[in-house]
Amino acid sequence: MMNTLETVYNNYWGHYLPHMILVGISNQTNRTRDLTTSQIKMRRGAEFNQDTGGAEKFTKYIENELIPYIDETYPTTNYRTLIGHSYAGLFTINMLINHNSLFKNYIAIDPSLDWDNQKLLIEAKAKLKSENFKGKSLFVSLAAEQLHMMDEKVTINNVMKDTTEFTLFPRSIIDFSKFAESNKKSGLNFSWKIYPEDLHGTVTLPSIRDGLIFTFDWFQFKNPPKYNNPGTTVEELIELLNNQEKIYAKNFGYTVPPMVEELFNGYGYMNMQMGFPKKAKLFFEMGVKYYPKSANSFDSLAEYYESQNDKQNAIKYVSKAYDLSGNEIYKQRLE
């Protein structure tokens with residue numbers, strides 16, 4: 001699933017998604033042991049001899065070992081999103097219901113809410129009814145291409161009428177999702193989606209894409225055509241960027257640049273090429289303002305001044321780029 005997450009992120013960051021640190025927790029060997037929320041001895045009418053019910057212990061590993069390690073190693077914030085598929089989807093919903101101080105957002109892909117006679121499902125519905133989940137976000141998906149392994153006549157339209165063990169999995173997801181959708185008092189930002197042409201093994205790709213876009217709906221630019229419109233003034237662009245920064249601060253809980261660095265550069269060069277130097281300067285200067293440790297931002301601003309035949313400032317900002325990075329490319333430009 002990590003490769004799928006990387007594919008979605010690489011295609012959607014910038015306009016749709018913020019820059020993120022992607023952390024994959026590989027657990028192919030002990031998924032049943034670590035991701036299930038209670039111990040069982042029977043499953044689907046047969047004896048179940050695997051280790052189960054270790055979700056609380058695995059949660060402590062994430063809380064006490066993994067997150068501190070990531071925070072100590074990388075430039076992080078406490079704004080985190082948890083994504084899980086199948087048993088990990090069950091684990092994801094358990095984290096939201098019982099440990100939601102660790103993550104802000106949750107994406108549960110085809111979660112195994114049928115586990116242990118819907119024990120977590122029952123608990124989750126009770127807590128959504130009695131507790132406040134304002135500020136939390138959850139996206140749930142259901143793969144509906146094959147709802148009943150033995151009966152093709154069972155479809156999304158009639159699956160809730162089926163009472164066999166084979167359909168408990170999809171019925172549990174539908175039951176939970178309809179309850180969460182209708183229970184507005186919980187404050188949970190919730191959405192779910194059925195994928196009629198996907199199987200349990202293929203639903204991860206569209207679910208991650210749709211889940212992340214739903215989760216970060218507020219991150220997407222407001223009035224994006226205005227950034228590309230030649231008629232938009234510098235003053236209007238400043239207002240747009242200020243408003244975007246306010247939206248980000250409100251949702252992240254801390255100050256965030258109104259654009260990722262690459263977009264400041266992109267809009268700067270676009271306006272240079274279109275013959276709008278004042279707009280180009282605005283974007284390049286904001287790139288330097290918001291990303292003061294980026295050699296590339298200073299070099300871009302130097303290119304702007306070079307295009308305006310202002311060699312003194314061009315040299316000044318290329319020098320800064322070289323001081324920050326020590327990259328020989330900037331030294332050659334200076335010479």
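Contact here means heavy atoms within 4.5 Å. With that in hand, welcome to four close-up views of this predicted model.

**View 1. Helix α1 meets helix α7 in this close-up.** From α1 (residues 2–12), the residues Thr4, Leu5, Val8 and Tyr12 take part. Their counterparts in α7 (residues 204–215) are Thr204, Leu205, Ile208, Arg209, Leu212 and Ile213. Sorted by class, this contact of α1 with α7 holds seven nonpolar residues, two polar ones and one charged one. How far apart are the axes of α1 and α7? They lie 9 Å apart, and the two helices pack at an angle of about 45°. The pair α1 and α7 is therefore oblique, and α1 passes α7 in a right-handed crossing.

**View 2. Here is the open sheet of four strands, in the order β3-β4-β5-β6.** The pairing in this sheet is parallel. Strands β3 and β6 (189–195) stand at the edges with a single partner strand each, so one side of each has no neighbour in the sheet. From one strand to the next, the twist averages 10°.

**View 3. Strand β4 is shown with β3 and with β5.** Over five bridges, β3 (residues 81–85) pairs in the parallel sense with β4 (residues 105–109). Look for Leu82, whose bridge partner in β4 is Tyr106. To get from β3 to β4 the chain goes through helix α4 (residues 87–98), and this β-α-β crossover is right-handed. How many bridges join β4 to β5 (residues 137–143)? Five bridges do, and β4 and β5 run parallel. Tyr106 turns up here too, standing opposite Leu138 in β5. Helix α4 packs on the sheet, where it touches β3, β4 and β5. The direction of α4 makes about 145° with that of β3.

**View 4. Helices α10 and α11 cross in the last close-up.** The axes of α10 (residues 261–274) and α11 (residues 277–290) come within 7 Å and cross at roughly 160°. Why are the two helices called roughly antiparallel? Angles over 145 degrees count as roughly antiparallel, and α10 and α11 therefore fall in that class. Their crossing is left-handed. On the α10 side, the contact includes Phe264, Tyr267, Tyr269 and Met272. On the α11 side, Phe283, Phe284, Met286 and Tyr290 are among the residues that make the contact. By class, the contact of α10 with α11 divides into ten nonpolar, four polar and one charged residues.

How values were computed: Residues are numbered from 1 along each chain as its sequence is written. This is a predicted model: local features need pLDDT of at least 70, side-chain atom pairs count only at pLDDT 80 or more; totals for chains, interfaces and linings use all residues. Side-chain values use heavy atoms; hydrogens and water are left out. Two strands pair if DSSP finds at least two bridges between them. A crossover is right-handed if, with the strands pointing away from the viewer, the path from the first strand over the helix to the second runs clockwise. Axes are lines fitted to C-alpha atoms, for helices over the stretch in contact, and angles run from 0 to 180 degrees between N-to-C directions. Angles under 35 degrees count as roughly parallel, over 145 as roughly antiparallel, 65 to 115 as roughly perpendicular and the rest as oblique. A crossing is left-handed if the near helix is turned anticlockwise from the far one by less than a right angle, and right-handed if clockwise. Ala, Val, Leu, Ile, Met, Phe, Trp, Tyr, Cys and Pro count as nonpolar, Asp, Glu, Lys and Arg as charged, and the others, Gly among them, as polar.
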